[in-house]
Amino acid sequence: MSFTRTLRAVGGAVVAGALLFGTAPVASADQIRNDQWPLQKFDAEAIWKISTGKGITVAVIDDPVDASHPDLKGSVLPGKNFITGGTADHQNGDHDHGTSMASLIAGHGHGPGGAEGVKGLAPDAKILPIGTASGSSDEIPKLGTAGLAAPIRYAVDHGAKIVNMSFVEGSSQLTADERQAIDYARKHDVLLIAGSGNDGVDTPRLPAAAPGVLAVGAVNHNGYVWENSNYGSHLKLTAPGVEIRGAGGTAEKPYHLANGTSDATAYVSAAAALLRAKFPNLTAGQIANRLIKTAGIPVDKQDMKLPDAHYGYGFIRPLSALTKNVPAGSKDGPFPALKSGASSNPSSAAGNNGIDPKINSDKGMSTGAIIGIAAGVVIVLVIVLVVVLVAKKKNRRNGPPPGGPGGFGGPGGPGGPGGFVPHPPNPNNSYQQQPGGPGAYPPAPPTQPPGR
């Protein structure tokens with residue numbers, strides 16, 4: 001897999017708009033904090049009385065993260081830089097995308113009471129930085145020969161419960177190693193979350209479109225889909241991604257505003273961290289289920305059929321996800337079930353080095369299959385022999401049976417009408433696909449900077 005683009009655009013617009021996600025008042029005079037409209041609309045102050053993400057590690061596969069930023073000090077683990085080697089807790093020049101994502105997830109602000117700077121939605125979570133980027137802020141070059149597989153496995157093996165992937169890549173197919181790494185994460189109960197992309201098209205982009213990954217689109221402060229947010233049947237959720245204030249940049253300009261599904265992805269990862277801290281016994285799929293079951297849609301789209309290609313199941317509502325009575329549901333949640341026996345080498349899902357244990361492709365039938373067939377043949381022969389002997393004995397006593405030749409079957413019998421009743425559709429499958437919505441959505445305000 002070759003990485004191509006991060007999913008945000010930096011701009012200088014001032015945030016404005018009516019509250020939709022909540023009604024909490026502005027709690028700080030600090031302008032940077034005031035600009036964080038998602039915290040106000042989520043009612044973050046109420047959320048933090050319930051969960052702050054404490055004890056949860058979120059891996060950020062991205063640019064290395066600036067662990068010295070005042071809003072992130074103490075919240076960033078060493079991690080690993082897959083480009084240069086060593087740790088990933090030092091920002092590479094002004095390449096701040098990873099720092100920004102980390103700040104939206106687990107920033108704690110600074111100053112008295114942490115009231116200044118950027119605060120993440122899960123301020124007590126830890127960030128595991130996994131450096132995959134080098135070069136311009138717009139491009140993420142090919143990750144050597146490791147692809148995405150090694151970073152995902154590293155995240156899983158180093159305690160991450162959530163993996164944030166705020167990027168898209170150029171190839172249309174995952175490698176076998178990457179597919180196995182995604183299944184490896186799922187086998188180890190790790191939730192993978194990725195941005196859908198910033199092209200405004202319905203072309204599925206990886207890794208968001210990969211089975212087992214939670215795909216995220218972006219909405220503005222009114223809850224309407226951002227015009228550059230990619231869409232499609234794979235989209236599951238949306239989150240704030242327009243005019244988002246994040247940490248990063250340079251010493252002279254340590255903050256910026258940005259648009260993109262990158263930022264939306266970070267907010268979903270943060271919401272998942274809140275839930276994983278509050279509900280430690282829920283699986284990754286059940287955490288995704290809780291986010292989906294409590295998602296919202298704009299008030300003028302209440303008749304929209306879900307999932308919708310642009311909104312998925314709606315925009316996240318973390319406070320509802322933390323407080324509503326939501327049945328846990330299937331352990332896989334909205335994701336396809338893993339094959340039985342899936343392990344650290346998911347291509348071996350059948351449990352025998354990838355070979356179905358009933359059949360050995362190199363040597364024909366397996367020993368078990370041969371024994372089973374032989375046993376069946378012996379049983380049939382014994383039954384036939386008994387029937388013949390009984391018939392002969394009866395013939396000797398009573399002569400030939402009345403009527404003509406007999407047979408087995410007929411209406412209602414095996415093979416006839418009524419002999420097979422198909423299973424009805426599962427009424428509990430709450431993720432069964434429904435017809436998509438009309439696909440139209442309001443454009444974002446014209447003052448927004450273009451996505452990238």
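## A tour from the sheet to the active-site record

Start with the whole chain in view: it has 10 helices and 16 strands. Keep in mind that this is a predicted model. Colour by burial, and you will find that buried residues make up 50% of the 452 residues. If you draw contacts with a separation of 6 or more, 74% of them join residues 24 or more positions apart.

**Stop 1: the sheet.** Select S4, S7, S3, S8, S10, S11 and S12, which in that order form an open sheet of 7 strands with parallel pairing. S4 and S12 (235-240) stand at the edges with a single partner strand each, so one side of each has no neighbour in the sheet. Now zoom in on S10 (residues 191-195) and S11 (residues 213-219), a parallel pair held over 4 bridges. For one of the bridge contacts, pick Leu 192 and look across to its partner in S11, Val 213.

**Stop 2: helices on the sheet.** Add H5, which packs on the sheet and touches S3, S4, S7 and S8. The direction of H5 makes about 155 degrees with that of S7. Then show H8 (residues 284-293), which lies across S10, S11 and S12 and runs at about 50 degrees to S10.

**Stop 3: inside H5.** Stay with H5 (residues 149-157) and show side chains for its buried residues: Ala 149, Pro 151, Ile 152, Tyr 154, Ala 155 and Val 156. What do these buried residues pack against? Turn on S3 (57-62), S4 (80-81), S7 (126-131), S8 (162-165) and helix H6 (176-187) to see their partners. Just past the helix, click on Gly 159, which follows H5 and has a positive phi, near 90 degrees.

**Stop 4: aromatic pairs.** How many aromatic pairs does a search of the whole structure find? There are 2. Select Phe 42 and Tyr 267 for an edge-to-face pair, with 5.9 Å centre to centre and 70 degrees between the planes. Phe 42 belongs to helix H2 (residues 37-42) and Tyr 267 to helix H7 (residues 261-278), so this pair ties together parts that are 225 residues apart in sequence. Are Phe 42 and Tyr 267 buried or exposed? Both are buried.

Next, select Phe 82 and Tyr 154, also an edge-to-face pair, at 6.0 Å centre to centre and 85 degrees between the planes. Phe 82 is in the loop between S4 and helix H4 (97-106), while Tyr 154 is in H5, 72 residues apart. Why does Tyr 154 count as buried? Its relative accessibility is 15%, and the cut-off for buried is under 20%.

**Stop 5: charges over rings.** Show Arg 153 and Tyr 184: the arginine lies over the face of the tyrosine, at 4.4 Å from the ring centre. Then move to Phe 279, where the charged end of Arg 290 sits over the ring, 4.2 Å from its centre.

**Stop 6: the annotated positions.** Finish with Asp 62, His 97 and Ser 262, which an unreviewed UniProt entry lists under "active site". Show their C-alpha atoms: though spread over 201 residues of sequence, they cluster in space, with a largest C-alpha distance of 10.4 Å. Which strand holds Asp 62? Asp 62 is in S3, back in the sheet where the tour began. At 0% relative accessibility, Asp 62 counts as buried.

Conventions
Residues are numbered from 1 along each chain as its sequence is written. This is a predicted model: local features need pLDDT of at least 70, side-chain atom pairs count only at pLDDT 80 or more; totals for chains, interfaces and linings use all residues. Side-chain values use heavy atoms; hydrogens and water are left out. Buried means under 20% relative accessible area, exposed over 50%, partly exposed in between (1.4 Å probe, protein chains only). Helices (H or I, at least four residues) and strands (E, at least two) are DSSP runs, numbered from the N terminus. Contact means heavy atoms within 4.5 Å. Two strands pair if DSSP finds at least two bridges between them. Axes are lines fitted to C-alpha atoms, for helices over the stretch in contact, and angles run from 0 to 180 degrees between N-to-C directions. Rings of Phe, Tyr and Trp (its six-membered ring) pair if their centres lie within 6.5 Å; planes under 30 degrees apart count as stacked, over 60 as edge-to-face and the rest as tilted. A charge sits over a ring if NZ of Lys or CZ of Arg is within 6 Å of the ring centre and within 35 degrees of the ring normal. UniProt positions are given in the numbering used here, feature names are shortened, and annotations may be inferred rather than shown by experiment.
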